[in-house]
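Please keep the sequence and the model side by side while you read, and find each element in both as it is named.

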Amino acid sequence: MAVLETIHGLLNLAVENGASDIHIKSNKPAFLRLNGRLESVEMDPISAEDIREFIEQSVPEQFVGDWIRNRQVDYSYRVENIGRFRVNGFLQRGLPSVVMRHVNDQPPTFDELNIDGGVLAELCKEKDGIVLLCGATGSGKSSTLAAMINHINMSYGKHIVTLEDPIEYTYTDLKSIINQREVGIDCSSFAEGMRAVLRQDPDVILVGEMRDKATFETALQAAETGHLVFGTLHASNAQQAIQRLFEFFPEDRKVALQRQVASSLRATITQKLLPALEGSGRFPVSESFILDSLARKTIMDGNFEKIEAVIEANVDNGSKTFNQDLYRLVKSGRITKESALANSPNPRQLEMNLKGIFLSSGGIVN
């Protein structure tokens, strides 16, 4: 039990200080991720034996086989009066390590995430189609999706089914009915859960991650038959996200798939988290690709390299590039110019914008 007391004390410290993640490596002191940065904890190293014991004591019975066979395992872990955590246990150089992420039971609002929810709230009104939240691990995709599901729950009478690995936020039924299914516990895989969900009379489907051909194919089928599907994808921008979807399929399906994606996709929202200018916390910066007739034609024709230009030209429909959002955050005093330039996909252009110089099809506009 001594190892549980040590780990629980560490988790309590993490929650009290607002850490997002806890890193525990064999024979090293633990680290906490605070406002995006790793900070070491002043404590004795945690032995490999203690980490292995913690995993074996905390892993749910149905995941023990994963740990034994695959030498890695994902599961949820709850500590009374401290909170719930997403756990990844794995081996490195033959020794166990654990990374734990604190997940809040209470889903956030757009305001709590420092997000301008206007465009996202409009997407929540869609009757069908696919909305993809993109970004790297730790970019806030799951939190933004949770805020969107929360918004629907507070605003509309829908049946929402979520497929998650593991469940992060938990919801109380308000205007909507929400059924949350955890991969590995309530269904065997995302693909299997997606096949079953179409028989569960959903209005809205949340897929924790678009991992494979079967999952995305079923998501397309759901979108085409009158369901609104939210999902996440590891991609750094809209162009990469669209191209990633086609990587699931053989080349001979490309033309037909371009037509399907152009018809079904409603938007891609790609996020990063940047340190706030004042105090603690981070601000999300995002690229929004909201599909209209021009965007659909661009995808249908396979001109993916033109997507950024389409976004830049379509500000009126809610689309915006990373640079446009970075410019807004710098001008509103929320992030530093240095942070914006360091995270810009085109820092030279952003530098010009911040000086009041903008390029248009007609030339330079001051």
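Strand β5 (residues 83–92) and strand β6 (residues 95–103) are antiparallel partners joined over nine bridges, where strands are DSSP runs of E with at least two residues, helices are runs of H or I with at least four residues, both numbered from the N terminus, and two strands pair if DSSP finds at least two bridges between them. Along this pair, Phe85 has His102 as its bridge partner, and Arg86 has Arg101. The two strands form a hairpin with two residues between them, and Arg93 in that turn has a positive phi of about 55°. This is a predicted model, in which local features need pLDDT of at least 70 and side-chain atom pairs count only at pLDDT 80 or more, while totals for chains, interfaces and linings use all residues. Residues are numbered from 1 along each chain as its sequence is written, and side-chain values use heavy atoms, with hydrogens and water left out.

Strand β6 also pairs with β1 (residues 21–25), antiparallel and through five bridges, and here Ile22 stands opposite Met100. Following such pairings gives an open antiparallel sheet of six strands, in the order β3-β2-β1-β6-β5-β4. Because β3 (37–40) and β4 (72–79) stand at the edges with a single partner strand each, one side of each is left without a neighbour in the sheet. Neighbouring strands are turned by 25° against each other on average, direction ignored, with axes fitted as lines to C-alpha atoms, for helices over the stretch in contact, and angles running from 0 to 180 degrees between N-to-C directions. Helix α2 (residues 48–58) lies across β1, β4, β5 and β6, at about 55° to β6.

Where does Ser26 sit? Ser26 is in the loop between β1 and β2 (31–34), and with a relative accessible area of 6% it counts as buried, a word that means under 20% (over 50% is exposed, in between is partly exposed, with a 1.4 Å probe and protein chains only). Leaving aside neighbours within four places in sequence, Ser26 is in contact (heavy atoms within 4.5 Å) with residues including Ile46, Ile51 and Leu95. A polar atom of the Ser26 side chain lies 2.5 Å from the backbone oxygen of Pro96.

Finally, consider the nonpolar cores, sets of buried Ala, Val, Leu, Ile, Met, Phe, Trp, Tyr and Cys residues joined through side-chain atoms within 4.5 Å. The largest has 40 residues, and Ile130, Phe216, Phe289 and Ile299 have the most contacts inside it. A second, separate core of 28 residues includes Ile24, Ala30, Val79 and Ile82.

Terms used. A polar contact is a pair of N or O atoms within 3.5 Å; within protein, one must be able to donate a hydrogen and the other to accept it, and residues adjacent in sequence count only if both atoms are side-chain atoms.
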